[in-house]
Structure formats: structure tokens, C-alpha cells
Amino acid sequence: MGIGKKIRIRRKLKGVTIKSLAEYTGLSVGYLSTLEQDKNSPTLENLQKICEILDITITDLISEERHGEVIIRSDEAKTSKFSQYNQISKLYDFGYNNQVYEYLIIEPGKVELPPQWRHLYDEVCIVLEGQLTIIIENDTYRLKKGDALYLLAQQRHSVINETNEPCVSFWVFQK
């Protein structure tokens, strides 16, 4: 798999649009698009800018071999905070079979409606604590503790917490 494809996959996993990546890095959308298609090669400086935004290392991108992990401690998980949506995401990638696990916490509180994500892979969500509202295209689903939802690839969706209690959910997907 080429560096560009790895960048595209990681960008989509993080829910970052190519336009946002361009804004954050100062690189053009056209350059990033051809890079993600493996039609050009990035400079080391541009690669570093991209890696900082996507929370990965250059080694992650150029390494062909992945060594599987047996255990990932909470402080070792790739943590992303989305303050505008009251969300904290912890990704656990053990390096086997491209399976990734996400622990998502959504704190209560009024927020703007999160963007509609769309991924190249199917996902499964299980609510561990609280209640989770998932908007899939034009349908709204309210899940409570113990409920699970299967989300098909390419379906536009948003996740929100409409209650006064924290919501904790667990997601499984292929990258």
C-alpha cells in the first residue's frame, strides 16, 4: 500500500476532510488529492505537516510491516479530543487484520450538530453507558446501554449525546 493511500485512510478514519487537511497544513487540495492517489511523492517537510494533523508518525506511513500488539494501555491509545462536540475518542489499533476499536465518550452539554461522517468501511457501535443518538442520513436512532447498531460503509452519520449524562460507546471497524 502506498503512502498516499495510507494518508487517505487515516484522514478518513479521523473524520478530516481533504479541504480541512489543506487548511491545517497549508498545502493545496489538488496537491493532497494527487498525493492520496499516489500520483506524486511528498517532501519530508510536507509529510511531517500531514502526520502532525493526522496524529501518526512518518514511520507509520512508510512501514510495510505491522507488528501486532498484545496489549495497549489507555495512555497509549491514540486519543483525539473534539471539544466543539464534547467528544473524546480513543483508538486501539492492535495491528492485526486491519481491525480498529474506538472508545468514544460524549459528555453532556449543548453542542453544534457534528458533521456527518462517511467511511469506507462497515462499523458496529455498542453503547456501554448512557444514551447515544445516531443520525444516519435521514433516520434518527436513540440507543441506550447495551444496544448495538450496525452501520454500513458509505452511510452518512452523526453521533450526539442528547442527555444530561455522559455517553460511552464502543466501535469496531476495519481500516
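Contact here means heavy atoms within 4.5 Å. The exercises below apply this and a few other cut-offs to a predicted model.

**Exercise 1. Describe the surroundings of glutamate 123: which residues does it touch, and which side chain of opposite charge is nearest?**

Step 1. Begin with the position in the fold: glutamate 123 is found in strand β4.

Step 2. Collect the contacts, leaving aside residues up to four places away in sequence; glutamate 123 then touches Leu149, Tyr150, Leu151, His157, Trp171, Val172 and Phe173.

Step 3. Look for a charged partner. Glutamate 123 is buried yet has no salt bridge, and the nearest side chain of opposite charge, that of arginine 118, is 11 Å away. Because a salt bridge requires a side-chain nitrogen of Lys or Arg within 4 Å of a carboxyl oxygen of Asp or Glu, arginine 118 at 11 Å does not qualify.

Step 4. Turn to polar partners: the side chain of glutamate 123 makes a polar contact, at 3.4 Å, with the side chain of histidine 157, a residue that also appears in the list of contacts.

**Exercise 2. Find how many salt bridges the model holds, and for three of them state where the partners lie and whether each partner is buried, partly exposed or exposed.**

Step 1. The count comes to 4 salt bridges. As general background, side chains of opposite charge can pair when their charged atoms come close.

Step 2. Take arginine 11 and glutamate 36, whose closest N and O atoms are 2.6 Å apart in their salt bridge. The pair links distant parts of the chain, since arginine 11 belongs to helix α1 (residues 3-13) and glutamate 36 to helix α3 (residues 29-36), 25 residues apart. Arginine 11 counts as buried because its relative accessibility is 8%, and glutamate 36 counts as buried because its value is 7%; the cut-off for buried is under 20%.

Step 3. Take glutamate 129 and lysine 145, which form a salt bridge with the closest N and O atoms 3.6 Å apart. This pair, too, links distant parts of the chain: glutamate 129 lies in strand β4, and lysine 145 in the loop between β6 (139-144) and β7 (148-151), 16 residues apart. Glutamate 129 counts as partly exposed, because its relative accessibility is 41%, whereas lysine 145 is exposed because its relative accessible area is 55%.

Step 4. Take glutamate 162 and arginine 142, joined by a salt bridge in which the closest N and O atoms are 3.0 Å apart. Glutamate 162 sits in the loop between β8 (157-160) and β9, while arginine 142 sits in strand β6, so that the pair links distant parts of the chain, 20 residues apart. With a relative accessible area of 49%, glutamate 162 is partly exposed, whereas arginine 142, with 56%, is exposed.

**Exercise 3. Count the aromatic pairs and classify two of them by the angle between their planes.**

Step 1. The count comes to 3 aromatic pairs.

Step 2. Phenylalanine 94 and tyrosine 101 form a pair that is 6.0 Å centre to centre, with 75° between the planes, and it is edge-to-face; the cut-off for that class is over 60 degrees. Phenylalanine 94 counts as partly exposed because its relative accessibility is 23%, and tyrosine 101 counts as partly exposed at 25%.

Step 3. Tyrosine 121 and phenylalanine 173 form a stacked pair, 4.9 Å centre to centre with 15° between the planes. The pair links distant parts of the chain, with tyrosine 121 in the loop between β3 (99-106) and β4 (123-129) and phenylalanine 173 in strand β9 (residues 167-174), 52 residues apart. Tyrosine 121 counts as buried because its relative accessibility is 11%, and phenylalanine 173 counts as buried at 4%.

Step 4. Ring pairs also link Phe94, Tyr101 and Phe170 into a cluster.

**Exercise 4. Work out how β3 is joined to β2 and to β9, and how many bridges each pairing has.**

Step 1. Strand β2 (residues 87-93) runs antiparallel to β3 and is joined to it by 7 bridges. Within this pairing, aspartate 93 has valine 100 of β3 as its bridge partner.

Step 2. β3 and β9 pair in the antiparallel sense as well, over 8 bridges, and here tyrosine 101 has valine 172 of β9 as its bridge partner.

Conventions
Residues are numbered from 1 along each chain as its sequence is written. This is a predicted model: local features need pLDDT of at least 70, side-chain atom pairs count only at pLDDT 80 or more; totals for chains, interfaces and linings use all residues. Side-chain values use heavy atoms; hydrogens and water are left out. Rings of Phe, Tyr and Trp (its six-membered ring) pair if their centres lie within 6.5 Å; planes under 30 degrees apart count as stacked, over 60 as edge-to-face and the rest as tilted. Buried means under 20% relative accessible area, exposed over 50%, partly exposed in between (1.4 Å probe, protein chains only). Helices (H or I, at least four residues) and strands (E, at least two) are DSSP runs, numbered from the N terminus. Lys and Arg count as positive and Asp and Glu as negative; His and the chain ends are not counted. A polar contact is a pair of N or O atoms within 3.5 Å; within protein, one must be able to donate a hydrogen and the other to accept it, and residues adjacent in sequence count only if both atoms are side-chain atoms. Two strands pair if DSSP finds at least two bridges between them.
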